[in-house]
Amino acid sequence: MTTTADPQLLTAHYDDKTVASLLFDFFAVDGDASLESYLEDRARPLLDGGTAAAANIFELREQEVPATPLARGINQGLSEAYEDRLWLHLDREAPSDAVPDRPRPAAVYGAAYQLAADDFDPLAAMPEASGRSVISSGAYRKIIDFGRPDPTSDDAFEGAMIVFTHPTDLGYVESFNDWYTTNHMIDVAKSPPFRSATRYILERSIEGTPLPYLCIYEVEAPWSERMHIDMMQQVSIDPWPQRESQPVTEGGQGVLMIDFWGYFQRAWHAS
């Protein structure tokens with residue numbers, strides 16, 4: 001896989017198609033509950049009441065949870081079925097290294113709401129949503145985006161890669177953000193079939209494990225088992241001239257810590 005884009009044109013920007021404020025709801029649906037009950041309880045009231053201007057709900061298909069303290073909190077919210085490496089191919093059997101005789105979640109979702117106003121009060125506006133296990137829920141402020149983000153489109157993208165991160169050390173927040181925004185997210189998002197990346201910072205945690213930084217990568221193709229392989233191949237064997245190595249702390253550790261990294265299929269959207 002190769003890209004013919006002029007590397008000098010690959011810069012982050014601030015696109016009005018992604019609004020300044022985002023509500024992200026990350027949850028598991030277990031047992032007999034379904035996505036429809038969540039739509040009735042939370043998604044449609046947020047849209048009908050004017051709190052959200054648009055919504056995209058993504059179903060998790062393939063996931064990695066690194067061994068970090070925040071990741072352990074995520075893992076507890078999902079299930080006890082897997083160790084550090086979690087593959088949720090929901091239409092297939094669990095891999096052989098899965099812990100036996102433990103339940104899997106029926107489905108895991110990420111709901112991204114483009115908020116209609118920046119002065120969103122989550123405690124006042126959030127309707128209750130039953131039948132779900134909360135992993136994380138929070139109000140985020142957009143930092144910047146890259147590419148062609150269009151979360152309100154009906155058919156512009158079919159999937160997403162969603163990544164939660166935090167800086168390794170609070171003394172390196174600036175270098176972490178500068179490298180991620182001007183280099184790392186662009187390096188990933190230029191890989192076909194990715195179309196964009198939008199970064200957010202947590203402004204207020206509502207429920208579950210607080211996850212400080214969120215990046216949503218829109219993907220034009222539906223999820224497949226090749227998606228991660230092709231993306232890694234792109235960034236590994238087709239070097240980007242603008243690529244910069246990750247900054248490191250005085251102790252030699254990279255400034256980036258990944259708390260969650262997953263590939264999703266867009267399951268529902270409205271605007």
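**A buried strand and its surroundings**

With a relative accessibility of 14%, T209 counts as buried, because the cut-off for burial is under 20%. This threonine belongs to the loop that links β7 and β8. In space, T209 comes to 8.7 Å from V134, C-alpha to C-alpha, although 75 residues separate the two in sequence.

The structure described here is a predicted model, so a word on confidence is helpful. Across the protein the mean pLDDT is 81, and 79% of the residues reach at least 70. Confidence peaks in β8, at 96, and is lowest in strand β3 (residues 85–86), where the mean is 36. Two stretches call for some care in reading. Residues 1–8 stay under 50 in pLDDT, and the model gives them 16 contacts beyond four places in sequence. Residues 77–102 are also below 50, with 60 contacts in the model beyond near neighbours in sequence.

Strand β6 (residues 159–167) makes a good place to begin a tour of the fold. Nine of its nine residues are buried, so β6 is largely enclosed by the rest of the structure. The cover extends to both faces: G159, M161, V163, T165 and P167 are buried on one side, and A160, I162, F164 and H166 on the other. Strand pairing adds to this picture. β6 runs antiparallel to β8 (residues 213–219), with seven bridges between them, and G159 sits opposite V219 of that strand. β6 is also antiparallel to β9 (residues 256–270), to which nine bridges join it; here T165 has I258 as its bridge partner.

Two neighbours in β6 show what surrounds each face. A160, a residue of this strand, has a relative accessibility of 0% and therefore counts as buried. Beyond four places in sequence, A160 is in contact with F58, I216, Y217, V219, G262, Y263 and F264. R195 lies 35 residues from A160 in sequence, and their C-alpha atoms are 9.6 Å apart. For M161, on the other side of the strand, the contacts beyond four places in sequence include V188, F194, C215, M231 and W261.

M161 also takes part in the largest nonpolar core, which has 27 residues; along with Y180, M185, F194, Y217, M231 and Y263, it touches the most other members. At least two residues of this core come from each of β5 (133–147), β6, α4, β7, β8, α5 (226–237) and β9. The biggest share is that of α4, with seven residues. Another core lies apart from this one and holds 22 residues, L39, A55, L115 and M126 among them. In soluble globular proteins, nonpolar side chains tend to be buried together.

Helix α5 offers a neat check on geometry. At 1.5 Å a residue, its twelve residues should span 16 Å, and the C-alpha atoms at its ends are 16 Å apart, which agrees. The buried residues of α5 are M227, H228, D230, M231, Q234 and V235. Viewed down the helix axis, they fall within an arc of 170°, so they line one face of α5. An α-helix has 3.6 residues a turn, so residues three or four places apart point the same way.

One further detail concerns the backbone. The peptide bond that leads from P192 to P193 is cis, with omega near 0°. P193 itself is located in the loop between α4 (173–189) and β7 (194–208).

Definitions and conventions: Residues numbered from 1 in each chain as written. Predicted model: local features only at pLDDT ≥ 70, side-chain atom pairs only at ≥ 80, totals over all residues. Heavy atoms only, no water. Helix = DSSP H or I, 4+ residues; strand = E, 2+ residues; numbered from the N terminus. Buried < 20%, exposed > 50% of the residue type's maximum accessible area, 1.4 Å probe, protein only. Pairing = 2+ DSSP bridges. Core = buried A, V, L, I, M, F, W, Y, C linked by side-chain atoms within 4.5 Å. Contact = heavy atoms within 4.5 Å. Expected span 1.5 Å × (residues − 1). Arc of directions from axis to C-beta. pLDDT = per-residue confidence, 0-100.
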